[in-house]
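I sat down with this one to look up a few side-chain interactions and jot down what turned up. Here is the model I had open.

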Amino acid sequence: MITGGSKMFSIYSFGRSLAGIRRALLISVSLFILGIVAGWIGTGSLERLLMQQIEGLGGISRELRNSSNPQLSFFIFIFLNNSIKGVLIIFLGALFGILPALFLLINGAVIGYLIHASLLQGVNIVTLIVKGLLPHGIIEIPAIIIACAFGLNFGARVARSLFRRRSREDEWADFLRQTLTVSVWIVLLLLAAAVIESTITFNLMS
């Protein structure tokens, strides 16, 4: 027998939650693509900001590679970093969805900048995508987009509630249950992405 708690975290419940935020998902995808385009053509202050982000990641990567067990260190760092950010960005979306939007734009811009910079340096774009982006990005990127979509939806609900005379507690209770379901699935997806990135991608890019 499946209990109510089990149903709450089932893949069916996860799918229903996603179906309920289709518009937010579309906006999230659009913001991520916009970020990629901005990173591709970025110049001046935007380029300097992206370089700071990339240099920071490069420094962390070097430290992890020099640890006694690089693959385990990469796994722990990637999983904790992504899962904490992935869940936080949902609830930080309560601030009118501003932070999830910025998160999507910045992450998209970093990817766009890296791909463009690699092309200018003569790196084979197919090799970069197949070895560097595709193995973990096929799970990690959708998970982050979903998390940000729920953050945007959270912000929209907060904004709407400010203009309503009477709050609908049942709607909020249902949404918070969906948010909990999605948070669990986001962590599971990012766990799988961390395993892939710390093993397959680690070996392919070494």
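My entries below go through charges, then aromatic rings, then one loop residue.

**Entry 1: charges**

I began by noting that this is a predicted model. How many salt bridges does a search of the whole structure find? I got one. The partners are R177 and D174, and their closest N and O atoms are 3.8 Å apart. That counts because the cut-off is 4 Å.

I then checked where the two partners sit. Both belong to helix 8, which covers residues 169-205, and they are three residues apart, so about one helical turn separates them. Are they buried or exposed? R177 comes out as partly exposed, at 44% relative accessibility. D174 is also partly exposed, with 34% for its relative accessible area.

**Entry 2: aromatic rings**

Next I went for the rings, and the structure holds five aromatic pairs. I followed up two of them.

The F91 and F154 pair is edge-to-face, with 6.3 Å from centre to centre and 70° between the planes. F91 is in helix 5 (residues 70-92) while F154 is in helix 7 (residues 125-162), so this pair ties together parts that lie 63 residues apart in sequence. I looked up accessibility for each ring: F91 is partly exposed at 40%, whereas F154 is buried at 9%.

F154 turned up again with another partner. It forms an edge-to-face pair with F175, at 5.3 Å centre to centre and 75° between the planes. Here helix 7 supplies F154 and helix 8 supplies F175, so parts 21 residues apart in sequence are tied together. F175 counts as buried, since its relative accessibility is 1% and the cut-off for buried is under 20%.

Which residues make up the aromatic cluster? I found F91, F150, F154 and F175 together in one cluster.

**Entry 3: a loop residue**

Last, I turned to A94. It lies in the loop between helix 5 and helix 6, the latter being residues 98-120. A94 is partly exposed, with 24% relative accessibility.

What does A94 touch, leaving aside residues up to four places away in sequence? My list reads G151, F154, G155 and V158. I was pleased to meet F154 once more, as it is also the ring that pairs with F91 and with F175.

I also looked up A94 against F150, another member of the aromatic cluster. These two are 56 residues apart along the chain, and 9.7 Å separates their C-alpha atoms.

Key
Residues numbered from 1 in each chain as written. Predicted model: local features only at pLDDT ≥ 70, side-chain atom pairs only at ≥ 80, totals over all residues. Heavy atoms only, no water. Salt bridge = Lys/Arg side-chain N within 4 Å of Asp/Glu carboxyl O. Helix = DSSP H or I, 4+ residues; strand = E, 2+ residues; numbered from the N terminus. Buried < 20%, exposed > 50% of the residue type's maximum accessible area, 1.4 Å probe, protein only. Phe/Tyr/Trp six-rings, centres within 6.5 Å; stacked < 30°, edge-to-face > 60°. Contact = heavy atoms within 4.5 Å.
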